[in-house]
Amino acid sequence: MTNPLPIKFLETDLEALAGISGRIALLVAPDDNAARSPAARRLNRLTKGALNRFLGSDAWGKVKPGEATDLAWPAGLQAEALQIVKAGPRADVATARKAGAAIGKAVGKAGVLVLAGSMLRAADVSFGLALRAYDFEPHKTAEPTARGPVQMMVKDPEAVALAANPMAAVAEGVFFTRDLVNEPANVLTTDDFAARLAAMQELGLEVEILEEEALEALGMGALLGVGQGSDSPSKVVVMQWNGGGEGAPFALVGKGVVFDTGGISIKPAAGMEEMTMDMGGAGVVAGVMRTLALRRAKANVVGLVGLVENMPDGRAQRPGDVVKSMKGDTIEVINTDAEGRLVLADVLWYAQERFKPVGMINLATLTGAIIIALGHENTGVFSNDDGLCDAFLTACKSEGEGAWRMPMGDAYDAKLKSRIADMMNVGGRDGGAITAAQFLKRFVKEGMPWCHLDIAGTALVKTDTTLAPKGATGWGVMALDRLIRDRFEG
């Protein structure tokens, strides 16, 4: 997998600055119009006043908090660039991470030295740097992008390293998710996906792979119907992290459609290549489970993912077919492109039957309708429990991951009524994201706190974001890890 850049924390050594050959990043408070910190004063002397001239210019006034600008090949330094980053000692989490991302985006083969001094959020700077330095390159024939060493000079290296350690675990979980979502479907088959998850047993996770024979015995007709047109076998992978004693676990459930043609209800050709990301929900669950294992979380969490491929074939599911779910309910398949909810229905029921969790969140790149409603800025959040939903939204806000609660109700549920079965798998174009959530709710037991996260707009984006290059974002790993820390760890 793609690994985050290692970051070394050092004592501040101002005498060494003149000989640094890579990049130097200096954090400067937004209201500073002159070199005030010891590092800034030293750099100003070495550059013969160039730093002060810039800080007193209109150009510095136009730089927004968390953003940066370069002084290239500054006189008096060996450095190829002096990067001036607008973030003061008391910058908030979002600004500190944005500042780190500005540094991480520019890291080159000569590396970077970050002068953070006594900044309270220095660990968050390192986190933002690591996240933004991500690049997915395994399928490029050219040499991988070279990135040199990253060092941070801080007032208390040991304390900052201690604070940064759990963030490094989260960064690795985010990278794992991004790699999975970016991977093409001819590589990330259901077999390959399951093998990557099984490899996490080395981290202390218990991983179990349920093959088609076991799924048939369990009665997972809804899930198996989706994958019956593909040569890739359908699977359910169960990952358990037992770090919290004897209590029941919290459950995470992910949709893992490794490629979605739409099946017989085939999608338009334009843009279909992006359907390699239709396993994004499973990717996030995998990234969270990796994070929990790496940081030895003191919580019990089970992650379950349904891995299938939705292909058109002589054996493929047809519109008009009726399938029977593990719960026992029958489903009339109106549109084979509404396949993710069929996968989740069986995995949600299995999670409750086997593990009896204290709560449950599922994630899926489920509907185009949620993109129409919320764009690419927010994930749609649907829930039957205000307490769990509010806690999750608070975690999203803390981690800077956009999320917005959507409505549910009986009127939407009524749209799923079928003439020949217990329900249809779609309820029409109007309110499509909501009727999809209502479908899933039918497979949530009474009294089970539950959230459904529709990440169709946030799992993969076509432009750079603050903490990620264009492509897979890893949205949700940070917020779900925060939720587990705040709500389920003592």
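Colleague: Why is Ala-395 called buried?

Modeller: Buried means under 20% relative accessible area, with over 50% called exposed and anything in between partly exposed (1.4 Å probe, protein chains only). Ala-395 comes out at 2% relative accessibility, so it counts as buried. Bear in mind that this is a predicted model, where local features need pLDDT of at least 70, side-chain atom pairs count only at pLDDT 80 or more, and totals for chains, interfaces and linings use all residues. Residues are numbered from 1 along each chain as its sequence is written, and side-chain values use heavy atoms, leaving out hydrogens and water.

Colleague: Where does Ala-395 sit, and what does Ala-395 touch?

Modeller: Ala-395 belongs to helix 13, which runs over residues 386-399. Helices here are DSSP runs of H or I with at least four residues, strands are runs of E with at least two, and both are numbered from the N terminus. Contact means heavy atoms within 4.5 Å. Leaving aside residues up to four places away in sequence, Ala-395 touches Ala-479, Arg-482 and Leu-483. Those three are among the helix 16 residues that meet helix 13.

Colleague: What makes helix 13 and helix 16 oblique?

Modeller: Their packing angle is about 120 degrees, with the axes 8 Å apart. The axes are lines fitted to C-alpha atoms, for helices over the stretch in contact, and angles between N-to-C directions run from 0 to 180 degrees. Under 35 degrees would be roughly parallel, over 145 roughly antiparallel, 65 to 115 roughly perpendicular, and the rest is oblique. An angle of about 120 degrees falls in that remainder, so the pair is oblique.

Colleague: Which hand does the crossing of helix 13 and helix 16 have?

Modeller: Right-handed. That label applies if the near helix is turned clockwise from the far one by less than a right angle, while anticlockwise would give left-handed.

Colleague: And why are helix 10 and helix 16 called oblique?

Modeller: Helix 10 (residues 280-294) packs on helix 16 (residues 477-488) at about 50 degrees, with the axes 9 Å apart. That angle fits none of the named ranges, so oblique is the label again. The crossing is right-handed here too. From helix 10, Val-284, Gly-287, Val-288, Thr-291 and Leu-292 meet Val-477, Leu-480, Asp-481 and Ile-484 of helix 16.

Colleague: Asp-481 is in that list. Is Asp-481 buried or exposed, and what makes it so?

Modeller: Buried: its relative accessibility is 0%. Asp-481 touches Val-170, Thr-291, Leu-292 and Arg-295, not counting residues up to four places away in sequence.

Colleague: What makes Thr-177 buried?

Modeller: A relative accessibility of 1% puts Thr-177 under the limit, so buried is the word. Thr-177 lies in helix 6 (residues 157-182) and, beyond four places in sequence, touches Gly-283, Val-284, Gly-287, Gly-474 and Val-477.

Colleague: Why is Trp-73 called exposed?

Modeller: Trp-73 has 62% relative accessibility, so it clears the exposed limit. It sits in the loop between strand 3 (68-72) and strand 4 (81-86), and its phi is near 40 degrees, positive for a residue other than glycine.

Colleague: What makes Phe-54 and Trp-60 an edge-to-face pair?

Modeller: Rings of Phe, Tyr and Trp (its six-membered ring) pair if their centres lie within 6.5 Å; planes under 30 degrees apart are stacked, over 60 edge-to-face and the rest tilted. Five aromatic pairs turn up in the whole structure. Phe-54 and Trp-60 are 5.9 Å apart centre to centre with 65 degrees between the planes, so they satisfy both tests. Both residues are buried.

Colleague: How do you know that Lys-327 sits over the ring of Phe-443?

Modeller: The rule asks for NZ of Lys or CZ of Arg within 6 Å of the ring centre and within 35 degrees of the ring normal. The charged end of Lys-327 is 5.5 Å from the centre of the Phe-443 ring. Arg-290 likewise lies over the face of Phe-176, at 4.7 Å from the ring centre.
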